[in-house]
Amino acid sequence: MKFKVIFFLITIFFSSQQIAVANSLKMKPVINLSLAKIMANACEKNQLENGYNPVNIAIVDDGGDLVLFRRQDDAYLLSIDIAMKKAKSSAGIPFPTRKIEEIVYGKKDGKPGRVPGLVHSKDIVAFAGGLPIKTKNGYLIGAIGISGATGDQDEQCAAAALESIEKVL
């Protein structure tokens, strides 16, 4: 009888541990298509209000997998790849691509970058327009990359997208 009770208690203990682990995995914040659409809409609104060139919008999850892509009418075709790579760069190295530019090339003070070898990576884009998407607690859930206007305008568009969802992060 003691053996059955001990076996029962051990079984319950390990089952509760598995449930706890399963629940903790489900609680990880993620980006979804609904949030990505809100972001893309805000970016497009910013582009229209400010009148800069049409843009390509790429939103990826924290692993760099595409969640949403949108190309505005007349946005440059070659900017499609750049927007995707800006998003992937900001997801893979969770900094704005403007900061990655400083890491690679250095600041405008003439000092060299800290990691100039990153320039040789074919998938890293080191100029403005990509921003990581982080929760208020600092969890990386994805990134957004914008391309088609100037780097500053691309980044402005991405920032407008982030502002549109900051209350739910």
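Okay, let's start with a glycine: just after helix H2, Gly 51 takes a positive phi of about 70 degrees. Keep in mind throughout that this is a predicted model.

So, what comes before that glycine? H2 itself, residues 33-50. At 1.5 Å a residue its 18 residues should span 26 Å, and the end C-alpha atoms are 26 Å apart, so the helix agrees with what you'd expect. Over at the start of H2, have a look at Asn 32: one of its side-chain oxygens comes to within 3.1 Å of the backbone nitrogen of Ser 34.

Now, which residues of H2 are buried? You've got Leu 35, Ala 36, Met 39, Ala 40, Ala 42 and Cys 43, and then some polar company too: Glu 44, Asn 46 and Gln 47. As for what they pack against, that's strands S1 (56-61), S2 (66-71), S3 (130-134) and S4 (140-147), plus helix H5 (151-163).

On to the core. The largest nonpolar core has 22 residues. The ones with the most contacts inside it are Met 39, Val 55, Ile 57, Ile 59, Ile 133, Ile 144 and Ile 146. Which elements give two or more residues to this core? Those are H2, S1, S3, S4 and H5, and H2 gives the most, with 5 residues.

Let me pick out Val 55 from that list. Leaving aside residues up to four places away in sequence, Val 55 touches, among others, Cys 43, Arg 70, Arg 71, Ala 75, Ile 146, Asp 154 and Cys 157. There's also a second, separate core, this one of 7 residues, including Val 60, Ala 83, Ala 91 and Ala 143.

Last stop, the strands, and really I want to talk about S4. S4 is mostly covered, with 7 of its 8 residues buried. What does S4 pair with? On one count, S1: the two run antiparallel and are joined by 6 bridges. If you want a spot to click on, Asn 56 has Ser 147 in S4 as its bridge partner, and Ser 147 turns up among the residues that Val 55 touches as well.

S4 also pairs with S3, again in the antiparallel sense, over 5 bridges. There, Leu 131 stands opposite Ile 144 in S4, and Ile 144 is one of those residues with the most contacts inside the largest core. S3 and S4 form a hairpin with 5 residues between the strands, and in that hairpin Gly 138 takes a positive phi near 90 degrees. So we end, as we began, on a glycine with a positive phi.

Note on methods. Residues numbered from 1 in each chain as written. Predicted model: local features only at pLDDT ≥ 70, side-chain atom pairs only at ≥ 80, totals over all residues. Heavy atoms only, no water. Helix = DSSP H or I, 4+ residues; strand = E, 2+ residues; numbered from the N terminus. Expected span 1.5 Å × (residues − 1). Buried < 20%, exposed > 50% of the residue type's maximum accessible area, 1.4 Å probe, protein only. Contact = heavy atoms within 4.5 Å. Polar contact = N/O pair within 3.5 Å; in protein donor to acceptor, adjacent residues only side chain to side chain. Core = buried A, V, L, I, M, F, W, Y, C linked by side-chain atoms within 4.5 Å. Pairing = 2+ DSSP bridges.
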